[in-house]
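Here is a predicted model to read with care. The questions that follow ask how certain descriptions of it are justified.

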Amino acid sequence: MKIEKEAVAGTLESSDAQVTVTPSEKGLYVHIESTVMNQYGHQIKAAVVETLKNMGVTSGKVDVIDKGALDCTIKQHA
């Protein structure tokens with residue numbers, strides 16, 4: 001599946017994440033900003049990539065701004 005329209009989910013509140021998806025013809029690109037990137041960056045990226053894979057997303061740009069969200073929150077928004 002490829003992302004066909006821009007969409008946003010989530011907020012920039014503490015313990016949440018805002019996920020923005022936009023179309024891209026150049027495959028799948030994931031960009032993550034997080035207040036806890038040094039501690040949990042690999043885990044956040046793994047949660048995002050796993051969710052996209054489970055949804056069958058193969059192309060698009062996914063931007064995640066994380067404010068300390070748990071994995072279950074990221075999986076719900078992505």
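Q: What makes S15 stand out in the hairpin of β1 and β2?
A: In this hairpin, where six residues lie between the strands, S15 takes a positive phi near 70 degrees, and it does so although it is not a glycine. Most residues other than glycine have a negative phi.

Q: Why is S15 called partly exposed?
A: The relative accessibility of S15 is 47%, and the term covers values that are neither under 20%, which would be buried, nor over 50%, which would be exposed; S15 therefore counts as partly exposed.

Q: How do you know that β1 and β2 pair, and in which sense?
A: Two strands pair if at least two bridges are found between them, and β1 and β2 have four bridges, in the antiparallel sense. Within this pair, A9 stands opposite V19 in β2.

Q: What makes β2 and β4 count as paired?
A: Against the requirement of at least two bridges, six bridges join β2 to β4 (residues 60-66), and these strands run antiparallel. As an example, T20 has D63 in β4 as its bridge partner.

Q: Why is β2 described as mostly covered?
A: Buried means under 20% relative accessible area, and five of the six residues of β2 are buried.

Q: Where is the kink in helix α1, and which residues of α1 are buried?
A: The kink in α1 (residues 37-55) is about 30 degrees and is centred on Q43, while the buried residues of α1 are G41, I44, A47, V48, T51 and L52. Just after α1, G56 takes a positive phi of about 80 degrees.

Methods
Residues numbered from 1 in each chain as written. Predicted model: local features only at pLDDT ≥ 70, side-chain atom pairs only at ≥ 80, totals over all residues. Heavy atoms only, no water. Buried < 20%, exposed > 50% of the residue type's maximum accessible area, 1.4 Å probe, protein only. Helix = DSSP H or I, 4+ residues; strand = E, 2+ residues; numbered from the N terminus. Bend = angle between axes of the 7 residues up to and from the residue.
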